[in-house]
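Biologist: Could you walk me through this one? I'd like to hear about the ligand site and then the strands.

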Amino acid sequence: MCYAIPGKVIEVKERKVVVDYFGERRTAFNEFENLKIGDYIYAQGGFVIDRILEEEAVKILEFWKETFFKLREADLRISKIEDGRSVSKKTKIILDKALEGFKLKREEVLYLLNLEDEIDKEYLYKVANYIRYKFHKNACCVHGIIEISNYCSCDCLYCGIRRSNKDLNRYRMTEEEILRHLDLMINKYGFKAIVIQSGEDSYYDVERLSSLIKEIKKKFNLLLFISINEVGEEGLRKFYEAGVRGLLLRFETINKELYERFHPEGSFEERVNDIKKAKEIGFLLLTGGLIGLPGESLQDIAEDIFFATRLNPEMYTFGPFLPASDTPLSNFEKPDLEIVLKVTAILRLLNPEGKIVSTTAVETLSPQEGRTRAFLAGANSLMLNLTPEHYKTLYRIYPNRIHENESIEYQIEKAIKDLQDLGRAPTDLGV
Ligand code: SAH
């Protein structure tokens with residue numbers, strides 16, 4: 001099974017290539033030597049990440065061709081919006097403005113975050129989904145994430161793998177284990193974009209990780225993201241040189257006072273600087289915040305949305321705070337699904353071109369409908385947890401993470417079914 005559609009190179013301009021996908025043209029950044037017109041490639045996140053033999057590509061494209069257009073028709077049907085006649089006047093005016101491509105103001109975003117009326121909320125989600133279709137069609141990228149270690153020297157108040165949580169069994173995958181596991185995920189299951197994540201583990205410092213990354217890049221063609229912690233500009237440059245092309249780092253909350261309350265030793269400035277620097281260096285940026293942290297207001301959430309928008313990341317990742325046992329925040333309430341959907345939809349109104357991920361946390365918050373409803377409120381990306389099964393339950397940032405007892409095969413099958421039911425093609429056409 002593969003998670004990208006092969007494309008045919010139709011133009012080569014220095015390090016950029018133009019790629020054809022069923023008549024649609026996309027540009028991708030190329031780091032391969034000798035790539036020429038007529039070659040077939042896989043692209044992810046706007047990067048050419050692998051070449052593929054013509055006969056293999058033609059076979060895969062043959063399978064995709066019919067499916068792809070059938071799915072797209074289904075998506076188009078689902079994404080239609082009605083005239084919105086029963087929607088309240090103010091909501092309609094704001095959403096019409098978004099539909100016409102005007103940027104929303106703070107008070108309008110706050111108004112949408114406050115919506116209570118069911119018809120109005122549904123209309124917000126529908127408009128967001130329509131905009132998603134208009135800009136992305138039914139393309140949907142499926143990345144994988146491997147959590148290589150749950151050792152953490154940080155003590156973030158909400159996080160279940162925080163240093164002070166002494167009851168948690170700690171694990172750390174060895175370099176060999178990681179390489180073997182990647183081999184399986186890439187060569188058996190077809191993943192082409194993978195995030196390597198961990199707690200702040202002093203064993204996996206920048207030096208050690210950089211040499212591991214070089215090893216990984218020597219062995220596999222993949223788009224590699226890293227999600228460790230703040231490493232500063234020098235660390236980021238080392239990662240880039242080693243072959244990392246994406247950074248997943250949430251700013252968590254842009255309210256400095258809240259940030260400092262929840263990260264007793266963390267530096268808000270360092271976190272934000274890393275995020276901004278990564279973008280400057282050329283990393284694909286995946287960022288966002290936690291929704292519903294204790295003490296967070298709707299105004300704070302609106303500021304998080306605007307801050308994320310200004311960063312202009314490749315992908316937005318905003319997930320609900322879920323109270324974790326054995327943490328100081330264990331007794332606080334989790335937010336409801338509607339606020340997560342509103343944030344997803346508003347992000348889409350403000351960022352038609354960005355990718356928005358439907359997070360594992362939103363699925364955990366609402367196992368029955370979290371994923372589908374996020375996809376119908378503007379989301380268009382998915383990250384599957386590829387951590388080996390015997391470690392997955394130990395990366396317990398919050399309890400009962402969805403899919404933690406499911407095999408990778410089952411997760412893939414389920415993701416494909418959920419996506420196809422919505423007319424989405426589990427692929428990434430690049431940019
Ligand atoms: N060390 C990495 C990864 C941390 S865990 C880093 O510093 O970014 C990945 C993400 O899990 C965090 O960014 C946080 O947003 C999320 N997370 C942690 N605890 C959580 C909780 N209780 N509920 C929801 N999300 C949580």
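Modeller: Here are some questions and answers on the ligand site and the strands.

Modeller: A quick note to start: this is a predicted model, where local features need pLDDT of at least 70, side-chain atom pairs count only at pLDDT 80 or more, and totals for chains, interfaces and linings use all residues. Residues are numbered from 1 along each chain as its sequence is written, and side-chain values use heavy atoms, with hydrogens and water left out.

Biologist: How do the residues of the shell around the ligand divide by type?

Modeller: The ligand has 17 residues around it (a heavy atom within 4 Å). Ser-198, Ile-228, Arg-250, Glu-252 and Leu-322 come nearest. Counting Ala, Val, Leu, Ile, Met, Phe, Trp, Tyr, Cys and Pro as nonpolar, Asp, Glu, Lys and Arg as charged, and the others, Gly among them, as polar, the shell splits into 11 nonpolar, 3 polar and 3 charged.

Biologist: Which residue has a polar side-chain atom 2.8 Å from an oxygen atom of the ligand?

Modeller: Let's go through the N and O pairs. Backbone atoms of Tyr-158 and Ser-198 each sit 2.9 Å from a nitrogen atom of the ligand. The side-chain contact to a ligand oxygen, at 2.8 Å, belongs to Arg-250.

Biologist: And how much of the ligand's accessible area does the protein cover?

Modeller: Areas here come from the Shrake-Rupley method with a 1.4 Å probe. On its own the ligand has 550 Å² of accessible area, and the protein's share of cover is 91%.

Biologist: On to the strands: how many bridges join strand 2 to strand 3?

Modeller: Strands are DSSP runs of E, at least two residues, numbered from the N terminus, and two of them pair if DSSP finds at least two bridges. Strand 2 (residues 16–21) and strand 3 (residues 24–29) run antiparallel. Val-18 partners Thr-27, and Val-17 partners Ala-28. The bridge count is 6.

Biologist: Which residue in the turn between strand 1 and strand 2 has a positive phi?

Modeller: Strand 1 (residues 7–13) runs antiparallel to strand 2, with 5 bridges, and Lys-13 stands opposite Lys-16. Their hairpin leaves 2 residues between the strands, and the one with a phi of about 50° is Glu-14.

Notes: A polar contact is a pair of N or O atoms within 3.5 Å; within protein, one must be able to donate a hydrogen and the other to accept it, and residues adjacent in sequence count only if both atoms are side-chain atoms. Helices (H or I, at least four residues) and strands (E, at least two) are DSSP runs, numbered from the N terminus.
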